[in-house]
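Thanks for coming. I will go through one structure, starting with confidence and ending with the cores.

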Amino acid sequence: MAATPLRSIPVHLFTGFLGSGKSTLIQRLIEQKPANERWAVLINEFGQVGIDQTMFESRDDVIVKGLPGGCLCCQLAFVLQATLVNLLHRHRPDRLLIEPSGLGHPAGLLDTLRGEAFADVLVVQDIVALLDPSRLEDPRVREHDTFNDQLAMADAVALTMTDRSGAQAVAAAEAFVQQLWPPKKWVVHAAHGELDVNVLLAGGRHRSTAAGSVRDGHAALRDSGARMPVLDEFVVPAPRPGQPVAASGRALGYHTLGWRWSPVEVFDLDRLTLLLDRLPSALRVKGVLHTDAGWKLYNRGEGAASLTPSVWRQDSRLELIGEAAHMPPADDLLAAIHACRVSGEEVDALP
C-alpha cells in the first residue's frame with residue numbers, strides 16, 4: 001500500500017543572535033498550542049553538547065529534536081535534510097518550528113526548506129527575528145554580518161528581554177527596527193518570552209523578496225558540511241561516573257567548550273553558580289545540572305543569569321560559547337567545576 005502523501009506543513013523560523021531568548025519563546029508558544037495540533041520543534045545549537053533541547057518536557061503532541069554541533073545553514077545543512085525527511089514521515093506534524101543557531105544564517109536554511117525535496121510539503125511562514133535591545137549597545141554585535149542579515153530577512157521582530165532593558169534602550173531598539181528594510185509586518189514586545197500564539201498562527205508566508213545570500217564564512221562551512229556522515233538518529237552515550245565527556249569546537253570566529261557528566265554526580269548549587277557567575281561576562285553560558293537542590297537549568301547571556309528547575313535527568317551538561325580571548329583554560333575550569341561536586345557522604349544525606 002502506498003504511503004499517504006504529506007500535506008502542506010507550515011514552518012515557523014525563529015532567528016536571533018546568541019542569547020536572544022529563542023528557546024524560551026518557543027516554550028511559551030508550546031504552552032498555548034492548539035489542542036488539535038501536533039507540533040515538531042527542531043533546535044540547532046552552535047555548541048557541541050546540546051543543552052537547549054533539555055529545556056523541553058517530553059509530551060505526545062510535541063516532538064523535539066536537537067541538532068547540536070554547528071549551523072543548520074551550512075555545517076548541518078545535509079544532516080538537516082535527512083532529519084526533516086525522517087521527522088515528517090515518522091511523526092506527521094501539523095506545524096514545524098525551527099530554532100537555528102544564534103550564528104546561523106537564514107538564507108542557507110531557506111535554501112534547504114525551499115529545495116526540491118520539500119517543495120510541495122513545507123510552507124515557510126513569517127520569519128520572526130528576536131532582538132534583545134541591549135545587544136544594540138555592543139558595536140561588535142551591531143556590526144556583525146549575520147546579526148544584520150537575520151534582521152533584514154525577518155518578516156517580523158519580537159523584542160525580548162525588555163523586562164531587563166531600560167526604557168531608553170527599548171525605545172532605541174524600536175527606532176532601529178523601524179528603519180530596517182524591507183519594513184516589518186509587526187513588532188511586538190516579548191518580555192519573559194511571552195508571544196501570543198495567535199499572532200504566529202495568523203501570520204502569512206515569508207516574502208521571497210526579503211531573501212538574501214549566505215556569507216563567505218557560512219558558504220565555506222556548507223561545502224565542508226557536505227562531507228559529513230548523515231545519521232538517522234544521533235546516539236549520545238551516557239558518561240560514566242568520574243569520567244566527564246568533553247566537547248569543543250570553533251567556527252565563524254566563535255569557540256565552544258563543554259562537558260557532560262554522569263547523572264549520579266551531584267554539584268553544590270551555591271558553589272557552582274558562584275563559579276559560573278565569575279566567568280567573563282562576554283561568554284554565553286548554558287547548563288543543565290544535577291545539584292544538591294535538584295536538577296537546575298542555568299542560562300546566562302549578556303552577563304544576566306537565570307536559574308530554573310529542569311525536567312532533564314539523563315546527564316549534567318555545561319557549555320560556554322564566545323570569542324577565544326574570553327575562554328578560560330579548559331583544564332583549569334574543569335578542575336574548578338569538579339571542586340564543586342558534593343561528596344558521597346553528602347549525597348547520601350540529601351532528601
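**Confidence, cores and contacts**

I begin with a single pair of residues: Lys-286 is buried, and Asp-52 is buried as well. The two form a salt bridge, with 3.3 Å between the closest N and O atoms. Lys-286 sits in strand 11, residues 284-291, and Asp-52 in the loop between strand 2 (39-45) and strand 3 (62-68), so this bridge ties together parts that are 234 residues apart in sequence.

Before going further, a caution: this is a predicted model. The mean pLDDT of the protein chain is 84, and 84% of the residues reach 70 or more. In residues 224-234 the pLDDT is below 50, and in the model this stretch has 17 contacts beyond near neighbours in sequence. Where pLDDT is low, the predicted coordinates should not be read in detail. I will leave that stretch there.

Now the overall picture. The protein chain has 11 helices and 14 strands. Of its 351 residues, 54% are buried. Its accessible surface comes to about 15600 Å², and carbon and sulfur atoms account for 51% of that. Among contacts with a separation of 6 or more, 75% are between residues 24 or more positions apart.

Back to charges. How many salt bridges does the structure hold? There are 12 salt bridges in the structure, and besides the one I opened with I will mention two pairs and a network. Arg-59 and Asp-61 meet through their side chains at 2.7 Å, N to O. Arg-59 is partly exposed, at 35% relative accessible area, and Asp-61 is partly exposed too, at 24%. Arg-317 and Asp-315 form a salt bridge at 2.8 Å, N to O. Here the partners are covered: Arg-317 is buried with a relative accessible area of 5%, and Asp-315 is buried with 3%. Finally, Arg-28, Glu-31 and Glu-194 are linked in a network of salt bridges.

Next, the aromatic residues. The whole structure has three aromatic pairs. One of them joins Phe-17 and Phe-147: the ring centres are 5.8 Å apart and the planes stand at 85°, so the pair is edge-to-face. Phe-17 is in the loop between strand 1 (9-16) and helix 1 (22-31), while Phe-147 is in helix 5, residues 145-153, so that the pair links distant parts of the chain, 130 residues apart. Both Phe-17 and Phe-147 are buried. Another pair, Trp-259 with Trp-261, is tilted, at 6.2 Å centre to centre with 40° between the planes. Trp-259 and Trp-261 are both buried. Ring pairs also bring in Phe-267, giving a cluster of Trp-259, Trp-261 and Phe-267.

That leaves the nonpolar interior. In soluble globular proteins, nonpolar side chains tend to be buried together. In this model the largest nonpolar core has 27 residues, and Phe-14, Leu-25 and Leu-29 have the most contacts inside it. Which elements give two or more residues to this core? They are helix 1, strand 2, strand 6 (128-131), strand 7 (156-160), strand 8 (186-190), helix 7 (197-201) and strand 12 (294-301). Helix 1 provides the largest share, four residues. To take one member, Leu-29 touches Phe-14, Trp-39, Leu-97, Leu-195, Val-197 and Leu-200, leaving out residues up to four places away in sequence.

Apart from this core lies another, of 24 residues, with Leu-87, Ala-107, Leu-109 and Leu-110 among them. Ala-107, Leu-109 and Leu-110 are also among the buried residues of helix 3. Helix 3, residues 106-113, is mostly covered, with seven of its eight residues buried. The others on that buried list are Pro-106, Gly-108, Thr-112 and Leu-113.

One last residue, His-12, which lies in strand 1. Is His-12 buried or exposed? His-12 counts as buried, because its relative accessibility is 0%. Setting aside neighbours within four places in sequence, His-12 is in contact with Arg-95, Leu-96, Leu-97, Ile-98, Gln-125 and Leu-200. Leu-97 and Leu-200 appear in the contacts of Leu-29 and in those of His-12.

That is where I will stop.

Conventions:
Residues are numbered from 1 along each chain as its sequence is written. This is a predicted model: local features need pLDDT of at least 70, side-chain atom pairs count only at pLDDT 80 or more; totals for chains, interfaces and linings use all residues. Side-chain values use heavy atoms; hydrogens and water are left out. pLDDT is the predictor's confidence in each residue, from 0 to 100. Contact means heavy atoms within 4.5 Å. Buried means under 20% relative accessible area, exposed over 50%, partly exposed in between (1.4 Å probe, protein chains only). Accessible areas come from the Shrake-Rupley method with a 1.4 Å probe; for residues, only the protein chains shown count as cover. Rings of Phe, Tyr and Trp (its six-membered ring) pair if their centres lie within 6.5 Å; planes under 30 degrees apart count as stacked, over 60 as edge-to-face and the rest as tilted. A salt bridge is a side-chain nitrogen of Lys or Arg within 4 Å of a carboxyl oxygen of Asp or Glu. A nonpolar core is a set of buried Ala, Val, Leu, Ile, Met, Phe, Trp, Tyr and Cys residues joined through side-chain atoms within 4.5 Å.
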